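Have a look at the fold below before reading on. The notes that follow walk through its helices and how they pack.

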Amino acid sequence: MMDVVNESTVSDFVLLGLSKSWKLQTFFFVVFSLFYVATMVGNSLIVITVIADSHLHFPMYFLLTNLSIIDMSLASFATPKMITDYLSGHKTISFDGCITQIFFLHLFTGTEIILLMAMSFDRYIAICKPLHYASIISPQLCVAFVVVSWVVGVMHSMSQVIFALTLPFCGPNEVDSFFCDLPVVFQLACVNTYVLGLFMISTSGIIALSCFILLFSSYVIVLVTIRNHASKGTSKVLSTCTAHFIVVFMFFGPCIFIYMWPPSSFLIDKILSVFYTIFTPILNPVIYTLRNQEVKTAMRKLKNKLLNSNKATPLHCF
């Protein structure tokens, strides 16, 4: 096989972003900056709260903490560069930088997919088999879930990177997006894109679709179980599960559309990519934890503890 990597003449790519309009770029700069700050603050607060409060040292919150870490990572692989690009007007990215973005995008999305499935399994056991929850969902199992999710994420991202590195780039270098990903980058390769499209469908689209079907089935079983065992807290559990599924749908929906039907309209792809890289990371802490009474109570206790410690600190005059 010829060394197609050495044949690549493109040393950098131009990220066209979401719009060429200066007014829209200003709007996106403000909105995405606010979303990014809120995502980092919200998820960091969740991680700190769970670590600081011993009452939250349970499997479910361990998984939620890892979800927050992944969300902060997913929000950071491309958004900060996009924000700074709006300020500097410098929208190029090196070839290595582009490949790095592809690696981290698939690492974090692949890891999050497996982690969402683990969290769905946790809720399924908690609701459908509550008497066996403690014996099934052990701390060791949750650690195994997290390790497996990262291993799968690394394996999946490596397959995408190896595939991208075998593509020859010898001409166009304008990426019609605000970050590098295979659906837009492989359009620039100097080879027939039909086979490349099939590869993406088989490695990303079908995997995302299969995982979504499994998650959808688990939530259906949970909702049916809740309906058949009506109790005082049924409406609360139903509301929580519905909110969880909305977030799952917002994360998987764009991924399935982008990777199952390449190539599609770049405008649609850009809009959908915003959902799982910018919107979903900020929705997860709101839906999964900030609506949780135990987490809100722990946050209040942490805030009061910090305020009291500040009041107790004596002021020294020199």
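Here is a quick tour, from the overall make-up down to a single residue.

**Overall picture**

Keep in mind that this is a predicted model. The chain holds 12 helices and 3 strands. Of its 318 residues, 47% are buried. Among contacts with a separation of 6 or more, 79% link residues 24 or more positions apart.

UniProt, in an unreviewed entry, places the feature "transmembrane region" at residues 27-51, 58-79, 99-119, 131-152, 194-225, 237-259 and 271-290. Two of these spans can be checked against the model. Residues 194-225 are 100% helix and 0% strand, with end C-alpha atoms 45 Å apart. Residues 58-79 come out at 86% helix and 0% strand, and their end C-alpha atoms lie 32 Å apart.

**Three helices, end to end**

How do the end-to-end spans of α2, α5 and α7 sit against what 1.5 Å a residue predicts? The table sets them out.

| Helix | Residues | Number of residues | C-alpha span | Expected span |
|---|---|---|---|---|
| α2 | 22-52 | 31 residues | 44 Å | 45 Å |
| α5 | 95-128 | 34 residues | 49 Å | 50 Å |
| α7 | 139-165 | 27 residues | 39 Å | 39 Å |

For α2 and α7 the spans agree with expectation, and the α5 value is close to the expected one.

As for burial, α5 is mostly covered, with 24 of its 34 residues buried. In α2, the buried residues are Q25, F28, V31, F32, S33, T39, G42, N43, I46, V47, T49 and V50. In α7, they are C142, V146, S149, G153, H156, S157, Q160, V161, F163 and A164. When reading lists like these, it helps to recall that an α-helix has 3.6 residues a turn, so residues three or four places apart point the same way.

**How the helices pack**

Start with α2 and α3 (residues 59-76), whose axes come within 9 Å and cross at roughly 155°. The two helices are therefore roughly antiparallel to each other, and α2 passes α3 in a left-handed crossing. On the α2 side, the contact is made by Y36, T39, M40, N43, S44, I46, V47 and V50. Facing them from α3 are Y61, T65, S68, I69, D71, M72, A75 and S76. T39, N43, I46, V47 and V50 from that α2 set also appear among the helix's buried residues.

Next, α3 meets α5: their axes come within 10 Å and cross at roughly 160°. That makes α3 roughly antiparallel to α5, and this crossing is left-handed. α3 contributes M60, L63, L64, N66, L67, I70, D71, S73 and L74 to the contact. α5 brings L105, F108, T109, T111, E112, L115, L116, A118, M119, D122 and R123. D71 of α3 takes part in both the α2 contact and the α5 contact.

Then α5 packs on α7 at an angle of about 150°, with the axes 7 Å apart. So α5 is roughly antiparallel to α7. Is that crossing left-handed or right-handed? The α5 and α7 crossing is right-handed.

**One residue to zoom in on**

Finally, try D85, which is found in helix α4 (residues 79-88). Is D85 buried or exposed? D85 has 7% relative accessibility, so it counts as buried, the cut-off being under 20%. Leaving out residues up to four places away in sequence, D85 touches L15, H90 and K91.

Note on methods: Residues are numbered from 1 along each chain as its sequence is written. This is a predicted model: local features need pLDDT of at least 70, side-chain atom pairs count only at pLDDT 80 or more; totals for chains, interfaces and linings use all residues. Side-chain values use heavy atoms; hydrogens and water are left out. UniProt positions are given in the numbering used here, feature names are shortened, and annotations may be inferred rather than shown by experiment. Helices (H or I, at least four residues) and strands (E, at least two) are DSSP runs, numbered from the N terminus. The expected span of a helix is 1.5 Å times one less than its number of residues. Buried means under 20% relative accessible area, exposed over 50%, partly exposed in between (1.4 Å probe, protein chains only). Axes are lines fitted to C-alpha atoms, for helices over the stretch in contact, and angles run from 0 to 180 degrees between N-to-C directions. Angles under 35 degrees count as roughly parallel, over 145 as roughly antiparallel, 65 to 115 as roughly perpendicular and the rest as oblique. A crossing is left-handed if the near helix is turned anticlockwise from the far one by less than a right angle, and right-handed if clockwise. Contact means heavy atoms within 4.5 Å.
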